[in-house]
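Here are some short exercises for getting to know a new structure. Try each task by yourself, then read the solution step by step.

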Amino acid sequence: MLENLELPQSDAPIYQRLADAIGERIARGELVAGERLPPHREIARSLGINVTTVTRAFSALQQRGLVEARPGRGTLIAIRETEESSFKSAPSDEAGLIDLSVNRPATSAYLEALSTLMPRLARDRRFGSLQDYHPPEGPLWARSAVADWLNGVAGDGDAGRVVLTDGAQHGLACVLRALAQRDDVILADAITYQGIGALCRSQGLDLRGLPIDREGMRPDAFDTACTTLRPRAVFLVPSLHNPTTVTLSEERRRALAVVARRHNVLIIEDDVYRPLLDRVIPSFAALEPELTVHISGLSKCIAPGLRYGFVVAPRAVLGNVAAALRLDCWSISPLTALIATNLLEDGTATRIIEVQREELRRRQAVLREALAAFDVQTHETSPHAWLHLPEPWRGAGFARACRQRGVGLLPADAFAVGRETLAHAVRINLGAAPSVNDLRHALAIIAALLNSGHLEISGSV
């Protein structure tokens with residue numbers, strides 16, 4: 001790996017020359033993503049330098065994003081994110097691109113409702129409180145509306161178990177800070193929502209991916225990991241999983257809950273897609289209320305621009321979640337809370353969600369027609385689909401080829417936990433297309449590429 005390593009001749013400090021030498025091998029492809037570098041002492045001994053110098057060189061490589069230190073696993077060559085696999089939070093405005101890489105609403109129903117609501121907002125009895133500070137968990141009237149909306153799903157209508165957040169990602173960040181400490185192990189599906197990986201890296205948590213099948217996380221793998229890794233929590237997206245669209249059956253949920261209870265492992269349930277489901281399945285929060293922290297929000301079912309999320313948690317941990325939020329922003333914007341509360345209280349939120357479901361059904365029908373010959377995992381009200389790629393395609397190469405032809409997708413490696421090659425697949429966000437016709441055009445491009453893969457130059461796939 002680092003055999004015959006020679007430091008470049010220059011006036012730079014030795015640590016910098018060592019970092020440059022290793023960086024050059026990474027650039028040439030001699031050191032690949034996921035490869036573990038030798039221990040500091042071994043490198044120091046082979047080069048005749050001290051360990052402190054090697055440590056400084058590794059620190060410089062980390063700052064360049066070339067290596068990554070993982071607790072218990074040493075220093076690894078980092079994955080260099082490509083444009084196709086990077087963590088995206090907003091759709092591209094690039095001319096000529098149909099960007100299907102970001103989940104967004106399929107209709108303008110929220111904007112239409114908001115334009116009706118805004119003129120009458122000043123007459124709301126709670127309007128006068130908008131200029132004041134509020135508790136970190138959010139105004140009681142707003143938490144009560146969320147508790148009512150989630151009654152039967154999480155919290156049983158108890159506003160005292162709700163913390164309001166600036167979207168579900170913010171809620172997840174607060175939950176991780178409240179529950180875990182640096183180097184704690186967090187379990188997740190081997191392929192899962194990108195945001196959990198970014199948060200764990202930023203907080204020094206050790207995220208481990210577990211094997212999945214077409215029904216979700218395997219209980220046997222979860223049980224083994226609990227025994228060997230002693231995790232602090234497990235992160236699950238049980239409804240319309242992002243990106244695979246798997247919805248855990250009640251049987252699978254109960255099996256996973258039994259394992260969590262046996263090992264006393266907290267369940268972090270990210271259930272943002274639940275409102276889009278057309279059938280009711282008990283949540284982990286309903287099955288194991290004292291072991292589950294339930295996170296949801298209105299971004300996926302109503303509008304991400306609303307930035308409204310919520311955490312329902314056991315009282316034993318709720319105070320820490322609220323404290324973490326207070327450190328971030330004291331409390332969420334009461335104006336956002338008032339808008340969301342009105343939408344929830346007068347039934348507008350329910351109507352918007354039904355409009356979204358119907359549009360997604362139409363778009364799923366277009367998907368089925370366009371990609372009938374291929375292996376597509378999806379659900380009739382899912383905003384995204386998971387396309388398993390035929391030979392010779394690989395995820396990043398296929399996403400790159402699609403982008404060159406005007407279609408944006410995210411490949412499987414954008415969602416992978418760990419560095420193993422887990423799937424050759426891409427996520428297609430159906431709701432992101434500006435119109436059904438745009439979606440149909442994008443899917444035609446995807447289908448043509450799938451069919452012509454054998455004609456592509458092997459080096460580009």
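Before you start: two strands pair if DSSP finds at least two bridges between them. Keep in mind, too, that this is a predicted model.

**Exercise 1. Find the partner of R427 across the strands, and describe the sheet around it.**

Step 1. Locate the residue: R427 sits in strand β17, which covers residues 425-429.

Step 2. Look across to the neighbouring strand. W386 stands opposite R427. The strands β14 and β17 run antiparallel and are joined by five bridges.

Step 3. Zoom out to the sheet. It is an open one with four strands, ordered β13-β14-β17-β16, and its pairing is antiparallel. At the edges you find β13 (375-377) and β16 (410-411), each pairing on one side only.

**Exercise 2. Work out which polar partners the side chain of R427 has.**

Step 1. Check for a salt bridge, which needs a side-chain nitrogen of Lys or Arg within 4 Å of a carboxyl oxygen of Asp or Glu. R427 is buried but has no salt bridge: D99, the nearest side chain of opposite charge, is 8.1 Å away.

Step 2. Now try polar contacts. The side chain of R427 meets that of N242 at 2.7 Å. A further polar contact, at 3.1 Å, links the side chains of R427 and N429.

Step 3. Fill in the surroundings. Leaving out residues up to four places away in sequence, R427 touches a list of residues including N242, P243, H384, W386 and F415.

**Exercise 3. Trace the seven-stranded sheet and find the helix that packs on it.**

Step 1. Read off the order: β4-β12-β11-β10-β9-β5-β6, an open sheet with mixed pairing. Its edge strands, β4 (162-165) and β6 (206-210), each pair on one side only. Ignoring direction, neighbouring strands here are turned by 20° against each other on average.

Step 2. Add the helix. Helix α6 (residues 168-179) packs on this sheet, where it touches β4, β5, β9, β10, β11 and β12. The direction of α6 makes about 160° with that of β11.

Step 3. Pick one strand pair inside the sheet. β9 (residues 233-236) and β10 (residues 266-270) pair in the parallel sense, over four bridges. Across this pair, A233 stands opposite L266, and V234 stands opposite I267.

**Exercise 4. Decide whether β10 is enclosed or open to the outside.**

Step 1. Count the buried residues: five of the five in β10 are buried, so the strand is largely enclosed by the rest of the structure.

Step 2. Check each face. L266, I268 and D270 are on one side, I267 and E269 on the other, and all are buried, so both faces are covered.

**Exercise 5. Compare three salt bridges by where their residues sit.**

Step 1. Get the total: there are 21 salt bridges in the model.

Step 2. Take R126 and D124, whose closest N and O atoms are 2.9 Å apart. R126 is buried because its relative accessible area is 7%, under the 20% cut-off. D124, at 13%, counts as buried as well.

Step 3. Move on to R177 and D328, which meet in a salt bridge of 3.0 Å, N to O. R177 lies in helix α6 and D328 in helix α11 (residues 315-329), so the pair ties together parts that are 151 residues apart in sequence. R177 is partly exposed at 33%, and D328 is partly exposed at 41%.

Step 4. Finish with R363 and E359, where the closest N and O atoms are 2.8 Å apart. Both lie in helix α13 (residues 348-370), four residues apart, or about one turn of the helix. R363 and E359 are both buried.

Step 5. For a bigger pattern, look at D278, E354, R357, E358, R361 and E380, which are linked in a network of salt bridges.

**Exercise 6. Is L389 buried or exposed, and what does L389 touch?**

Step 1. Place the residue: L389 is in the loop between β14 (384-388) and α14 (395-404).

Step 2. Apply the cut-off. The relative accessible area of L389 is 11%, so L389 counts as buried.

Step 3. List the contacts. Not counting residues up to four places away in sequence, L389 touches R394, G395, F398, H424, A425, V426 and L450.

Step 4. Add a distance along the chain. L389 and G453 are 64 residues apart, and their C-alpha atoms are separated by 9.8 Å.

How values were computed
Residues numbered from 1 in each chain as written. Predicted model: local features only at pLDDT ≥ 70, side-chain atom pairs only at ≥ 80, totals over all residues. Heavy atoms only, no water. Helix = DSSP H or I, 4+ residues; strand = E, 2+ residues; numbered from the N terminus. Axes fitted to C-alpha atoms, helices over the stretch in contact; angles between N-to-C directions. Contact = heavy atoms within 4.5 Å. Buried < 20%, exposed > 50% of the residue type's maximum accessible area, 1.4 Å probe, protein only. Lys, Arg positive; Asp, Glu negative; His and termini not counted. Polar contact = N/O pair within 3.5 Å; in protein donor to acceptor, adjacent residues only side chain to side chain.
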